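Subject: Structure handover and findings

Dear colleague,

I am passing on the structure we spoke of, together with some notes on what came out of going through it. Please look at the sequence and the coordinates first, and then read on.

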Amino acid sequence: MLEQQHVFRVTSLICRIQTRDAASGASAAYIFGINPNPALADTPANTSSATLLSLIPPMRFGAPATNATISKYLAVEIETMAASLESLDMRDNAKSPLLSGSWRLVYSNGAEITSLAAQLPLGFCLGKTFQPLDTSAGFFENKGRVEHPLGLARLQTNVVGDVHVAQPGTVNAVGVVNDKGNRVDVDFRVITFQLDEVFGIPIAGFQKSLTPKADPEKAQPANDVTYLDKTTRIVRGGEGA
């Protein structure tokens with residue numbers, strides 16, 4: 001996933017990249033862009049991450065770009081640039097003050113995002129996708145817009161949960177060991193679906209909430225923050241996202 005500044009991911013290109021295929025061991029990529037804490041405004045950004053963000057094309061309704069919605073050549077270029085940033089071999093990103101902020105997903109090759117971005121029922125389209133994150137409070141949200149090209153309706157989904165620094169040496173669902181201090185554990189608390197408009201008319205109070213149940217037989221959900229600066233975050237997950 002990417003996320004970019006003022007919420008522009010792979011995993012805004014806040015920038016965030018997140019990727020892993022549980023069967024093959026290959027990671028999925030998410031790039032995010034971010035609107036960081038004002039106190040960090042003077043922190044220099046990496047020019048290479050700015051180049052990465054510049055490669056990612058704007059998509060309809062502000063949706064994140066994916067390897068299924070852009071050319072395969074551009075996807076390879078984006079993912080190669082992301083991998084070069086990851087090769088810097090950063091450490092202790094899970095404890096960095098740069099991690100908190102209002103991130104926007106700008107690129108992903110994770111299956112759950114590519115399927116949503118490629119096709120939704122009845123002509124609906126994925127829109128802007130954000131991830132406000134506050135590690136000091138242990139809180140995160142995944143907020144996604146759903147739009148319709150004819151203005152039939154506007155909806156949003158919101159996943160709220162807890163986030164905290166993972167213990168050293170923990171192993172995620174695909175067998176990757178947390179040996180760099182870049183892993184955060186996440187626990188999903190509430191999933192909300194909300195209808196905002198029908199034919200341009202605002203709708204109030206139309207929502208449904210679900211409480212997911214953790215499977216004790218599965219590994220702790222977690223994300224590895226493999227690259228981080230004030231405008232870009234790259235994340236790799238442990239279960240194909």
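The notes below go from the overall make-up to the interior, then to the charged pairs and the surface.

Please keep in mind throughout that this is a predicted model. The protein has 241 residues, of which 46% count as buried, and its secondary structure comes to 3 helices and 12 strands. About 11700 Å² is exposed by the protein, with carbon and sulfur atoms supplying 57% of that area.

Turning to the interior, the largest nonpolar core has 16 residues, and within it the most contacts belong to Leu-99, Leu-133, Val-163 and Leu-228. At least two residues of this core come from each of strand 1 (30–36), strand 3 (101–105), strand 8 (183–198) and strand 11 (222–228). Another core, of 15 residues, lies apart from it and includes Ile-31, Ile-70, Ala-82 and Tyr-227. As for Leu-228, if residues up to four places away in sequence are not counted, this residue touches Met-90, Asn-93, Ser-96, Leu-98, Leu-99, Trp-103 and Arg-233.

Among the charged side chains, the count comes to 8 salt bridges. One of them joins Asp-89 to Lys-180, with the closest N and O atoms 2.7 Å apart; since Asp-89 lies in the loop between helix 2 (72–86) and strand 3, and Lys-180 in the loop between strand 7 (153–165) and strand 8, the pair ties together parts that are 91 residues apart in sequence. Asp-89 is partly exposed, with a relative accessible area of 33%, and Lys-180 is likewise partly exposed, at 33%. Asp-89, Arg-91 and Lys-180 are linked in a network of salt bridges.

The side chains of Asp-224 and Arg-183 also meet in a salt bridge, at 2.6 Å from N to O. Here Asp-224 lies in strand 11 and Arg-183 in strand 8, so the pair ties together parts that are 41 residues apart in sequence. Asp-224 is buried, with a relative accessible area of 13%, and Arg-183 is buried as well, at 2%. In a further salt bridge, between Arg-154 and Glu-147, the closest N and O atoms are 2.9 Å apart; Arg-154 is partly exposed, at 28%, whereas Glu-147 counts as buried, at 11% relative accessibility.

On the surface, finally, Ile-201, Ile-203 and Phe-206 form a nonpolar patch, with about 300 Å² of accessible area together. Phe-206 lies in the loop between strand 9 (201–202) and strand 10 (207–210), and because its relative accessibility is 54%, Phe-206 counts as exposed.

With best regards

Conventions. Residues are numbered from 1 along each chain as its sequence is written. This is a predicted model: local features need pLDDT of at least 70, side-chain atom pairs count only at pLDDT 80 or more; totals for chains, interfaces and linings use all residues. Side-chain values use heavy atoms; hydrogens and water are left out. Patches are made of residues with over 30% relative accessible area and no salt bridge: like charges are joined within 9 Å, nonpolar side chains (Val, Leu, Ile, Met, Phe, Trp, Tyr) within 5 Å. Accessible areas come from the Shrake-Rupley method with a 1.4 Å probe; for residues, only the protein chains shown count as cover. A salt bridge is a side-chain nitrogen of Lys or Arg within 4 Å of a carboxyl oxygen of Asp or Glu. Helices (H or I, at least four residues) and strands (E, at least two) are DSSP runs, numbered from the N terminus. Buried means under 20% relative accessible area, exposed over 50%, partly exposed in between (1.4 Å probe, protein chains only). A nonpolar core is a set of buried Ala, Val, Leu, Ile, Met, Phe, Trp, Tyr and Cys residues joined through side-chain atoms within 4.5 Å. Contact means heavy atoms within 4.5 Å.
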